[in-house]
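Hi,

Here is the structure I said I would pass on. Have a look at it first, then read my notes below.

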There are 2 protein chains.
Amino acid sequence: MAGVTIYQVAREAGVSPSTVSNFLNGRPGRMLPQTRARVEAAIDQLGYRPNRAARQLRTGRIQVIGLVVPSVANPFWGNFARYLERAALADGYHVLLCNSEREPDRELRYLEELWGDGIRGVVLCSSLPSLEHVLPLVERGLGLVAFDRTAQAGDPPALVNISVDNVVGAHLATAHLLQLGHRRIAFVSGSLRSINRRERFRGFTNAFEQAGLDPAEAIIWSGNAEDEPYGDLDAAGLGRSAARDLLHGPDRPTAIVAINDMCALGVSAGVRDAGLRVGRDVSVVGFDDIVLADLAAPPLTTVRQPIADMATAAFRHLLARIEDPDGGPSQSLLLRPELVVRASTGPAPDPLE
Amino acid sequence: MAGVTIYQVAREAGVSPSTVSNFLNGRPGRMLPQTRARVEAAIDQLGYRPNRAARQLRTGRIQVIGLVVPSVANPFWGNFARYLERAALADGYHVLLCNSEREPDRELRYLEELWGDGIRGVVLCSSLPSLEHVLPLVERGLGLVAFDRTAQAGDPPALVNISVDNVVGAHLATAHLLQLGHRRIAFVSGSLRSINRRERFRGFTNAFEQAGLDPAEAIIWSGNAEDEPYGDLDAAGLGRSAARDLLHGPDRPTAIVAINDMCALGVSAGVRDAGLRVGRDVSVVGFDDIVLADLAAPPLTTVRQPIADMATAAFRHLLARIEDPDGGPSQSLLLRPELVVRASTGPAPDPLE
DNA sequence: TAGCCTTGCTGCATCGTTCCACCAGTAAAT
DNA sequence: ATTTACTGGTGGAACGATGCAGCAAGGCTA
């Protein structure tokens with residue numbers, strides 16, 4: 001418990017604790033160079049490190065932000081967490097990790113606890129349609145950056161949204177398939193409760209319309225009813241069973257748009273389960289471009305999210321909020337995704353074959 | 001900054017702050033039932049939540065543990081992080097996330113910062129052979145649970161090690177291949193600097209010896225020199241280039257043991273790059289059993305680590321250390337892994353074919 | 001009835017920082 | 001000569017919770 005305090009440093013340097021404190025955070029220019037040097041010397045001779053708890057108690061500030069993700073076990077979120085942590089670290093911030101498992105009440109409980117811990121900024125990766133439940137926290141002053149979710153009417157004020165343009169992304173993916181000659185295309189997702197899922201769905205139908213086709217011809221698979229558990233881990237399982245459902249009929253789709261890469265990998269597995277070849281008999285396209293997309297067999301065509309940029313932006317905006325809680329209005333940052341074509345998609349198979 | 005303090009609760013309940021404090025953590029039995037009821041009512045009427053900073057300042061305790069992993073972008077660590085967080089949450093603890101990227105100095109800097117934050121317990125996922133660099137911290141009282149690493153001579157005292165039995169695991173994997181008739185087997189790993197890699201290598205050679213074969217016949221691929229960057233993300237890339245190196249010669253191996261699943265997925269991709277079929281021309285076996293192992297094409301034969309159990313155990317041991325820093329000697333917990341046979345391994349191809 | 005224990009509660013110093021108010025000394029302005 | 005301004009500091013009251021020492025009131029023993 002060897003805690004070196006500011007008093008010991010002060011005594012060592014022959015100044016008052018106030019001066020040491022000034023050196024540490026007030027204005028280091030507010031003293032003679034010789035004094036500053038003595039303080040500096042004392043600090044690293046004693047190996048002094050400020051006690052964060054005391055500092056926090058006094059100032060109300062704490063150098064920690066919260067990160068609430070559905071589940072860090074999903075490589076997409078793991079990757080995001082890593083980049084966010086990197087950005088935070090560069091400014092001396094730490095990241096407290098929370099897995100909501102997509103349960104709204106858990107999400108709320110986390111936020112309340114974080115608030116109670118003195119944390120004033122959280123990156124919330126919730127794609128729940130409504131953020132109403134966190135409104136009280138935001139009103140009390142919690143800085144919130146919503147990731148992977150675009151602005152909605154009824155959102156709390158002063159909310160920053162950061163997301164990829166899901167409509168564009170899904171459009172890219174779908175147009176790619178249409179261009180390859182596919183017509184019987186399925187859209188596979190869990191329930192469409194979340195915003196980004198709905199947006200991706202919109203991009204999907206848009207692409208049909210733009211090609212002069214009727215979206216009603218598309219096949220929509222979104223699980224059985226609204227009540228299925230749709231954790232992120234199960235995205236793969238979901239895709240797999242979707243593929244099974246879709247492929248055993250006579251009028252099976254020749255291409256499948258999956259809601260994300262994990263789901264797409266599940267779909268691919270399901271395609272193989274059905275004795276078909278991915279990229280030849282059935283084209284599959286994902287969303288996210290997780291590391292494993294390139295490693296899959298065949299490598300997965302997918303829509304890449306610029307995740308490093310997004311993580312950095314998320315932190316920067318959050319920091320701005322924390323430092324100036326009343327600063328600026330709500331805003332949204334929408335990044336443009338990019339289609340990465342690999343081998344899981346190919347020309348539509350000849351129907352006569 | 002709407003902070004309800006213990007004083008307001010005390011006034012509301014008509015008692016002293018001390019009594020409220022006693023109710024909260026001292027002995028709630030130390031007061032009349034009626035008093036207790038009044039305090040309780042006041043607390044949830046005002047929505048009081050203790051200020052953790054103040055509590056920490058006073059007691060020196062904080063309900064946060066640190067988690068240092070190579071990189072949470074790796075699904076294995078992401079999954080571990082999730083289970084650890086779950087276990088911690090059940091006891092009211094939060095988890096601070098740190099990605100070391102396998103850089104020793106970064107690891108140390110993190111530990112020092114965590115200590116400075118008042119954190120007294122850390123789960124360290126470092127497989128550096130020596131833990132010497134953290135010795136000063138441990139001596140000052142930092143509770144340390146080393147994960148994915150077995151005990152070494154020269155380890156700090158009071159260290160708890162939790163790991164899977166890597167020797168047994170690699171043995172299982174290798175024996176499985178030998179039994180399938182493979183003889184030209186390659187072992188693919190990054191540099192063998194880390195302990196678990198060495199252990200897995202030992203299990204690999206053991207299996208050869210036990211089968212009455214000469215381990216010298218095996219092919220060892222461990223990157224080029226000791227200085228290659230071996231982040232966890234690159235495990236996949238590593239495997240891929242290993243496969244390329246190994247498979248273009250005339251005397252190519254018929255089976256490959258990869259150091260972990262990410263690496264194995266990379267190897268599989270490399271096998272395909274070479275125009276060969278995984279599980280038929282070349283068998284591949286991994287280690288960890290990440291979610292994606294089952295989704296790969298073909299599904300990956302691998303050695304499963306009981307990760308949920310390990311995460312729970314890690315937290316339990318850490319908690320015990322924190323609560324009683326001088327409690328008990330160093331100990332190691334070695335869990336038994338399990339071979340999961342899938343389709344990436346098959347009989348050795350007929351040499352005449 | 002004096003002495004002592006027990007129960008149920010309160011007073012208060014304390015943890016390590018911060019930061020506002022103040023102060024002594026010197027210099028420049030009036 | 002007095003006021004004003006600035007420089008380079010110091011003093012000390014918070015921040016909110018804790019937990020020891022202490023105290024009043026009642027009960028028990030001798």
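**Helix 9 of chain A**

Let's start with one helix. Helix 9 of chain A runs over residues 195-210, and its 16 residues reach 22 Å from the first C-alpha to the last, close to the 22 Å expected at 1.5 Å a residue. Please keep in mind that this is a predicted model.

Which residues of helix 9 of chain A are buried? Among them are I195(A), N196(A), R197(A), E199(A) and R200(A), and further along the helix you'll find G203(A), F204(A), T205(A), A207(A) and F208(A) buried as well. The cover over these buried residues includes helix 8 (166-179) and strand 6 (185-188) of chain A, along with strand 7 (219-221) and strand 8 (255-258) of chain A. Just after helix 9 of chain A, look for G212(A), which takes a positive phi of about 75°.

**How the two chains sit together**

Now zoom out to both chains. A rotation of 180°, with 0.0 Å of shift along its axis, puts chain B on top of chain A with an RMSD of 0.1 Å. That is the relation of a two-fold axis. The same surface serves both copies, as 98% of the contact residues of chain B recur in chain A.

How many residues does each chain bring to the contact? Chain B gives 53 residues and chain A gives 52 residues. Between them, chain B and chain A bury about 4,700 Å², and 58% of that is on carbon and sulfur atoms. R82(B), H94(B) and L295(B) supply 13% of the area that chain B buries against chain A, more than any other three residues.

There is plenty of polar pairing to look at here too. Between chain B and chain A, the count is eight salt bridges and 20 residue pairs in polar contact. On the side of chain B that touches chain A, the elements that give two or more residues are helix 4 (52-59), helix 5 (75-90), strand 2, helix 6, helix 10 (235-247) and helix 11 (261-273) of chain B. Helix 5 of chain B gives the most to that side, with eight residues.

**Salt bridges worth a look**

A bit of background: side chains of opposite charge can pair when their charged atoms come close. Over all chains, the count comes to 30 salt bridges.

Try E101(B) and R82(A), whose closest N and O atoms are 3.1 Å apart in a salt bridge. E101(B) lies in the loop between strand 2 (94-99) and helix 6 (104-116) of chain B, while R82(A) is in helix 5 (residues 75-90) of chain A, so the pair joins two chains. Are these two residues buried or exposed? E101(B) counts as buried at 18% relative accessibility, and R82(A) counts as buried at 8%.

Next, find R240(A) and D273(A), which form a salt bridge with their closest N and O atoms 2.9 Å apart. This pair links distant parts of the chain, with R240(A) in helix 10 of chain A and D273(A) in helix 11 of chain A, 33 residues apart. R240(A) counts as buried at 16% relative accessibility, whereas D273(A) counts as partly exposed at 39%.

R240(A) also meets D294(B) in a salt bridge (3.4 Å, N to O). These residues belong to a network of salt bridges that links R240(A), R244(A), D273(A), D289(B), D294(B), R304(B), E338(B) and R342(B).

Cheers

Key. Residues are numbered from 1 along each chain as its sequence is written. Chains are lettered from A and ligands numbered from 1 in the order in which they are written. This is a predicted model: local features need pLDDT of at least 70, side-chain atom pairs count only at pLDDT 80 or more; totals for chains, interfaces and linings use all residues. Side-chain values use heavy atoms; hydrogens and water are left out. Helices (H or I, at least four residues) and strands (E, at least two) are DSSP runs, numbered from the N terminus. The expected span of a helix is 1.5 Å times one less than its number of residues. Buried means under 20% relative accessible area, exposed over 50%, partly exposed in between (1.4 Å probe, protein chains only). Contact means heavy atoms within 4.5 Å. A salt bridge is a side-chain nitrogen of Lys or Arg within 4 Å of a carboxyl oxygen of Asp or Glu. Copies are superposed by least squares on the C-alpha atoms of residues with pLDDT of at least 70 in both. Buried area is the accessible area (1.4 Å probe) that two parts lose on being put together, summed over both. A polar contact is a pair of N or O atoms within 3.5 Å; within protein, one must be able to donate a hydrogen and the other to accept it, and residues adjacent in sequence count only if both atoms are side-chain atoms.
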